[in-house]
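Biologist: I am new to this structure and would like a friendly tour of its hollows and its ligand. Could you show it to me before we begin?

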Amino acid sequence: MTSSRLPSSLELNAVARAIQARRRSGASIVDLTESNPTRVGLSYPKQLLAPLADARSAEYDPQPLGLWSARAAVAADFRRRGIVISADRVVLTSSTSEAYALLFKLLCDAGDRVLVPHPSYPLFEHLTRLECVEAVPYSLEYHGQWRIDMASVRHAISDRTRAILIVSPNNPTGSFLHRDDLALLAEIAAERSIALIGDEVFADYKLDPAEAATHVLAASDVVAFSLGGLSKSAGLPQLKLGWIGFGGPSDQVDAMLAAYEIVADTYLSVSTPVQTAAADLIESGAGIRAQIMARVKRNLESLRAQAASFPAIDVLRVEGGWSAVMQVPAVQPEESLILDLLENDDVLVHPGYFFDFPREAFVVVSLLGEPAAFDKAIARVLARAAGPS
Ligand SMILES: Cc1ncc(COP(=O)(O)O)c(C=O)c1O
């Protein structure tokens, strides 16, 4: 009775079943996939959420694109990252996931296609399918640094392609959009009236400031959307505030905004309290962001230091974001390594296949975890993934 937009089987996979069994047996699992910043022992100031109770929140003023004060605060936050955008080109959403859904409604008819990077964030499969849009992969390739394989982009494009999705820095490869790659993507997109959608939720977490990284709004001659939100930039996923910055030729942006307003007006999904509090939350989020950045750097250094004793394991270059990728000997299928780690070492990690890596064997860990537990669990992961000595 359900639609074909949903998966045909709702059964748990082998890893989910093993997690359930370990938890039922009373085992305490160290979760190295934890990407929820509110659960990793960071210190959130007690007064942080006080602005949500502002008296202005008692009044409902439905604005499809968001309250002006919040849009202006987000535009100012774009400027903090060096991106000049006016508040009338910023719209609010309840999350980045919702931003994708709204943009697909704006740009695509049923059966249209969007290009998605591989490896990347597994939610794209559902986000596209739920909107009756087809996700067509293009490849990122690792040659000491992850870069977009432009031949795969050209190959993936068809006359049904409506957008190219770019995640920068990408989850989980941690790679930023490179200036040269943006120039080529913009050329391809402009020629065919395809939009660029840049998921820049992790853009604040840049490990090497000297990196030749850029952002989609730098491509001024093509319609582009930059997605962000409090969930990553301020470590506040529970507040459900995301945003989209619109960029490109003025006449096209104006037309896009007018059409987008109809989509957003249908839902009016962003709550008033989070909008009235947006400016304060963005400001105080800087402290949480700094804690997350320090945690990510610390755990990455610890991972690298420990991995140095395991020559068979390569910790791939990370430019930013909250994850690290290890290439490990492919002596057993990724899934059996993940199950071994769960059942014998009480550690949960992600297999590369979860993110559509092109081959085995890769292991992905979140760098958010509490340091002492992280160090101990990583030691177990390295020892098992290195294989028999
Ligand atoms: C690349 C990427 N985009 C978007 C999201 C979701 O963000 P939001 O909480 O704003 O929906 C995530 C969450 O992990 C992510 O990794």
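Modeller: Happily, and please keep in mind that this is a predicted model. We can begin with the cavity lining to which β2 (90–93), α3, α8 (250–267) and α9 (272–276) each supply at least two residues. That lining belongs to the largest cavity.

Biologist: Which element gives the largest share of the lining of the largest cavity?

Modeller: The lining of this cavity counts 21 residues, with Gln63, Leu268, Ser269, Val270 and Gln275 nearest the centre. Three residues of the lining come from a single element, and that is the largest share. The element is α8.

Biologist: What is the volume of the largest cavity?

Modeller: The structure holds four cavities of 30 Å³ or more. By class, the lining of the largest one has twelve nonpolar, six polar and three charged residues. The volume of the largest cavity is about 170 Å³.

Biologist: Now to the second largest cavity: which residues lie nearest its centre?

Modeller: This cavity holds about 110 Å³ of space. Its lining consists of 15 residues, divided into nine nonpolar, four polar and two charged. Nearest the centre are Leu140, Ile148, Val167, Ser175 and Phe176.

Biologist: Which element supplies the largest share of that lining in the second largest cavity?

Modeller: Two or more residues each come from β4 (134–142), β5 (146–148) and β6 (161–167). The largest share is three residues. The strand that gives them is β5.

Biologist: Let us turn to the ligand. Where does the ligand sit among the pockets?

Modeller: Its surroundings are Ser95, Thr96, Ser97, Tyr121, Val167, Asn171, Asp199, Val201, Phe202, Ser231 and Lys232. This shell has four nonpolar, five polar and two charged residues. The space that the ligand takes is the largest pocket.

Biologist: Which elements give two or more residues to the shell around the ligand?

Modeller: Thr96 and Ser97 are both in the shell, and their numbers fall in one helix, 96–107. Ser231 and Lys232 are there too, and their numbers fall in 230–233. The elements are therefore α3 and α7.

Biologist: How far is the polar side-chain atom of Thr96 from an oxygen atom of the ligand?

Modeller: Several side chains come up against ligand oxygen atoms. For an N or O atom in the side chain of Asn171 the distance is 2.8 Å, and for one in the side chain of Lys232 it is 3.0 Å. For the polar side-chain atom of Thr96 it is 2.6 Å.

Biologist: How much of the ligand's area does the protein bury?

Modeller: Start from the ligand taken alone, which exposes 400 Å². The part of this area that the protein buries is 88%.

Biologist: Which element gives the most to the lining of the largest pocket?

Modeller: About 1300 Å³ of space lies in this pocket. Its lining has 50 residues, and Ser35, Tyr121, Pro122, His350 and Phe354 are the closest to its centre. By class there are 26 nonpolar, 16 polar and eight charged residues. With four residues, the element that gives the most is α1.

Biologist: And how many charged residues line the second largest pocket?

Modeller: This pocket has a volume of about 240 Å³. Its lining includes Arg80, Arg81, Glu200, Asp204 and Lys206. Beside four nonpolar and three polar residues, the number of charged ones is five.

Definitions and conventions
Residues are numbered from 1 along each chain as its sequence is written. This is a predicted model: local features need pLDDT of at least 70, side-chain atom pairs count only at pLDDT 80 or more; totals for chains, interfaces and linings use all residues. Side-chain values use heavy atoms; hydrogens and water are left out. A residue is near a molecule or strand if one of its heavy atoms lies within 4 Å of it. A polar contact is a pair of N or O atoms within 3.5 Å; within protein, one must be able to donate a hydrogen and the other to accept it, and residues adjacent in sequence count only if both atoms are side-chain atoms. Accessible areas come from the Shrake-Rupley method with a 1.4 Å probe; for residues, only the protein chains shown count as cover. On a 1 Å grid over the protein atoms alone, a cavity is a set of points where a 1.4 Å probe fits but cannot get out, and a pocket is an open set with protein on both sides within 12 Å along at least five of seven lines; lining residues have an atom within 4 Å of a point. A molecule sits in a cavity or pocket if more than half of its atoms lie within 2 Å of its grid points. Ala, Val, Leu, Ile, Met, Phe, Trp, Tyr, Cys and Pro count as nonpolar, Asp, Glu, Lys and Arg as charged, and the others, Gly among them, as polar. Grid points are joined across faces, edges and corners, and a volume is the space filled by probe spheres set on the points.
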